[in-house]
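I opened a fresh page for this one and wanted to see how its parts sit together. Here is what I looked up, in the order I went.

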Amino acid sequence: MKIAIFGAGVAGLSAAIELVDRGHTVELYEKRKVLGGKVSVWKDSDGDSIESGLHIVFGGYDQLQQYLKKVGAEDNYLWKEHSLIYAEPDGKQSFFKKANLPSPWAEVVGGMQADFLTMWDKLSLIKGLYPALAGNEEYFRSQDHMTYSEWHRLRGASEHSLEKLWRAIALAMNFIEPNVISARPMITIFKYFGTDYAATKFAFFRKNPGDSMIEPMRQYIQSKGGKIFIDAKLNRFELNSDETVNCAVLQDGHKIEADAYISALPVHNIKNIVPNEWLDHSYFRNLHEFIGSPVANCQLWFDRKITATDNLMFSQGTTFATFADVSITCPDDFQKGMGSASGGSVMSLVLAPAHQLMDLPNEVITKLVMKDIHDRFPLSRDAKLLKSTMVKIPQSVYKAVPDVDKFRPDQISPVKNFFLAGDYTYQRYLASMEGAALSGRQVAEKIHSRLGA
Ligand SMILES: Cc1cc2nc3c(=O)[nH]c(=O)nc-3n(C[C@H](O)[C@H](O)[C@H](O)COP(=O)(O)OP(=O)(O)OC[C@H]3O[C@@H](n4cnc5c(N)ncnc54)[C@H](O)[C@@H]3O)c2cc1C
């Protein structure tokens, strides 16, 4: 079959990998000049990597890791020490280190040693969060009607642990506060965190997600005969009388005919392209239930190292929620001879919640970020800021607010030759690289089950 895929983020690329492997003729159309979507990376005039967002691979990302292996990129990421590190004022750090024991003892013993939680926090968490640890998918789904803060309080877990531990995790996962995010994804993560030692390990790409993952994916697809077109924006579909797709029309007027069409566009883009005729189906109307989380990624280049931490860091009460010094965590990108970092720190910071930042000028945001950097990293007070970049994404991953999960669409649509992929479509993960990769595999399986190919 000839299959046209629109959108070359992780979902579109994963679908293409699956489909070229099954011997199909695959054409992938991407509106931008760079592949990777929210994981895309490009170079500035100094040759330094600018990332759409700091990206971490989790131990539990089985599908993504399978693809990385398939495309020859299994050595392109590095596991870090298994701990949550919180940057505190004046250069202090606090830790939640997993003990070297089988789960859940690794977490219980590690949690009891965490220095930023009080004894009451720890006891209230063990007692309060037990239903999440013991719960199954059905239980998690049944809790989707309330926010995580509501669930946490109902279980009698302490306010201080909500603020110190869970707020950072909600902001890292979905860029929204615990009183906005649904309980469901949070308690699902808690279950992973508490029962699967390996699932919550972090890895960083050796270079950056573009060079270490997206480029090997591109090479693999093209080596198997897949065609990739950039600067190729999907504009609309023309329909047959039975409302199936007759052809897809790009912005430049070019028409594409295929046996099956896959949208791997973000939900806020595809919902505006869906033909009016299809809106009789709640499947397509439901796409309007999703709202994207605003987020920004700020990168700061310093003339010297301001930290020695080789891992992801969290902090609270600051403009940034999660961050890392990528000159340390991603050793093949910013070291001597690679880019212009010249040995200083390159802080990559995810700014969340970001709704109040979106309309501010970049210089103003950078000033706010620098104030917090000086507070958390005293060495930065004497360092020179060489340059900074800011990537704002007004609608990034969909907000996992209460009662939205039930609207996530299956990859099979009511239109026979049209399919959806993307991190927001139904798979067992929240919007993430793993979720996007799973949606790519699932869409290929569903094309096979519907069209027998
Ligand atoms: C700041 C930030 C940090 C993140 N950190 C992590 C992390 O640490 N770990 C993790 O697992 N996940 C992380 N994520 C989430 C992860 O990046 C996404 O869930 C995932 O990459 C989404 O992939 P996707 O293919 O579904 O969508 P996208 O990446 O959005 O890809 C969609 C593609 O469609 C293209 N497109 C749009 N409209 C058209 C059109 N009309 N025609 C053709 N093409 C079009 C876009 O340009 C894009 O390339 C992060 C996200 C952000 C923003």
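Before starting on packing, I fixed my contact rule: two residues are in contact if their C-beta atoms, placed from the backbone, lie within 7 Å. I also noted that this is a predicted model.

**Entry 1: helix α3**

I began with α3, residues 105-113, and asked which of its residues are buried. I found Ala 106, Glu 107, Gly 110 and Gly 111. They sit on the same side of α3, because they cover an arc of only 115° around the axis. Next I looked for what those buried residues pack against, and I noted β8 (93-97), α4 (119-128) and α9 (183-195).

**Entry 2: helix α4**

Since α4 had turned up among the partners of α3, I moved on to α4 itself. Its buried residues are Asp 121, Ser 124 and Leu 125. Their arc around the axis is only 100°, so they too lie on one and the same side of α4. What is on the face turned away from the buried side of α4? There I found the exposed residues Met 119 and Lys 127. The cover over the buried residues of α4 includes α3 and α8 (159-174).

**Entry 3: domains**

I then stepped back to the whole chain. The domain assignment splits the protein into domain 1 (2-43 + 207-290 + 400-451), domain 2 (98-197) and domain 3 (294-393). I checked how far apart the C-alpha centres of domain 2 and domain 3 lie, and got 28 Å. Where these two domains touch, seven residues of domain 2 are in contact with eight residues of domain 3. On the domain 2 side of that contact I listed five nonpolar and two charged residues, with no polar ones.

**Entry 4: around the ligand**

My last stop was the ligand, which has 38 residues around it. Which of them come nearest? They are Gly 7, Gly 9, Ala 11, Gly 37 and Gly 53. The elements giving two or more residues to the shell are α1 (10-21), β15 (295-302) and α16 (433-451). Of these, α16 gives the most, with four residues.

I sorted the shell by class as well, and it came out as 19 nonpolar, 12 polar and seven charged residues. By domain, at least three shell residues come from each of domain 1 and domain 3.

Methods. Residues are numbered from 1 along each chain as its sequence is written. This is a predicted model: local features need pLDDT of at least 70, side-chain atom pairs count only at pLDDT 80 or more; totals for chains, interfaces and linings use all residues. A residue is buried if 20 or more other C-beta atoms lie within 10 Å of its own, exposed if 12 or fewer, and partly exposed in between; C-beta atoms are placed from the backbone. The arc is that of the directions from the helix axis to the C-beta atoms. A residue is near a molecule or strand if its C-beta atom, placed from the backbone, lies within 6 Å of it. Ala, Val, Leu, Ile, Met, Phe, Trp, Tyr, Cys and Pro count as nonpolar, Asp, Glu, Lys and Arg as charged, and the others, Gly among them, as polar. Domain bounds come from an automatic or database domain assignment.
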